Amino acid sequence: MATATTNSILLLPEVQSVLERLHTLADTGDEVIIQQFLASGADWNSTSSEQKATVFQSALLPISRDVGRFLYGVARSISAQRIVEFGTSYGVSTIYFAAALHDVGGGLIIGSELERSKVTKLRSCTSL
Ligand SMILES: C[S@@+](CC[C@H](N)C(=O)[O-])C[C@H]1O[C@@H](n2cnc3c(N)ncnc32)[C@H](O)[C@@H]1O
């Protein structure tokens, strides 16, 4: 049975390699940062978005592989042409969205990110 990802740019080894590297980085590194936050005794509800963004500046906090494929499928199934993303982080979800836009013939994705250091890293990425 054909799936939403048949004939997708998502299947390119170069794209898979980048996604797998980022997911693996998150799988191995994010938990440590989350545990450090919890161990600090900080209260999640009384910590501002700006403070959280700073604490988690080294954490990717990406959507999972399954959610990424799901969002890719949703965007592709509606032939999305414009996608606005709130909280780009290190751009994992952006790759899934960009793949969907590519596979429906092109489009525009607008990212947003509160944490300045992540924005700097995102801006330095010119290609996969
Ligand atoms: C869960 S992560 C996003 C993960 C990303 N969408 C992915 O799947 O790879 C949430 C991100 O939203 C950012 N953020 C939090 N509040 C924000 C805001 N008001 N505007 C933009 N970004 C924000 C955080 O700094 C963090 O990087």
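In the predicted model, the ligand is surrounded by 17 residues, of which P62, G87, V92, S93 and L114 come nearest. Two helices, α2 (49–55) and α4 (92–103), each supply at least two residues of this shell. By residue class, the shell around the ligand comprises eight nonpolar, six polar and three charged residues.

The protein chain that forms these surroundings contains five helices and two strands. Along the sequence, these elements follow the order α-α-α-β-α-β-α. Taken along the principal axes, the C-alpha atoms of the protein chain fill a box of roughly 50 × 25 × 25 Å. Of the 128 residues in the protein chain, 19% are buried. When contacts between residues at least 6 apart in sequence are considered, 78% of them join residues at least 24 apart.

The pairing of α3 and α4 was examined next. The axes of helix α3 (residues 65–77) and α4 come within 8 Å and cross at roughly 30°. Because angles under 35 degrees count as roughly parallel, α3 is roughly parallel to α4. The crossing of the two helices, α3 and α4, is right-handed. On the α3 side, the contact involves G68, L71, Y72, A75 and R76. These residues meet V92, S93, Y96, F97, A99, A100, L101 and D103 in α4. The residues of the contact of α3 with α4 divide into nine nonpolar, two polar and two charged. V92 and S93 of α4 thus appear in the contact with α3 and also among the residues that come nearest to the ligand.

A charged residue in the last helix was then considered. K118 lies in helix α5, which spans residues 116–124. Within 10 Å, K118 has 22 C-beta neighbours, and therefore counts as buried, the threshold being 20 or more. Leaving aside residues up to four places away in sequence, K118 touches Q57, S89, Y90 and E113. A further relation across the chain involves S58: the C-alpha atoms of K118 and S58 are separated by 8.3 Å, although the two residues are 60 residues apart along the chain.

How values were computed
Residues numbered from 1 in each chain as written. Predicted model: local features only at pLDDT ≥ 70, side-chain atom pairs only at ≥ 80, totals over all residues. Near = placed C-beta within 6 Å. Helix = DSSP H or I, 4+ residues; strand = E, 2+ residues; numbered from the N terminus. Nonpolar A, V, L, I, M, F, W, Y, C, P; charged D, E, K, R; others polar. Buried ≥ 20, exposed ≤ 12 C-beta atoms within 10 Å, placed from the backbone. Contact = placed C-beta atoms within 7 Å. Axes fitted to C-alpha atoms, helices over the stretch in contact; angles between N-to-C directions. Parallel < 35°, antiparallel > 145°, perpendicular 65-115°, else oblique. Left-handed = near helix turned anticlockwise from the far one by under 90°.
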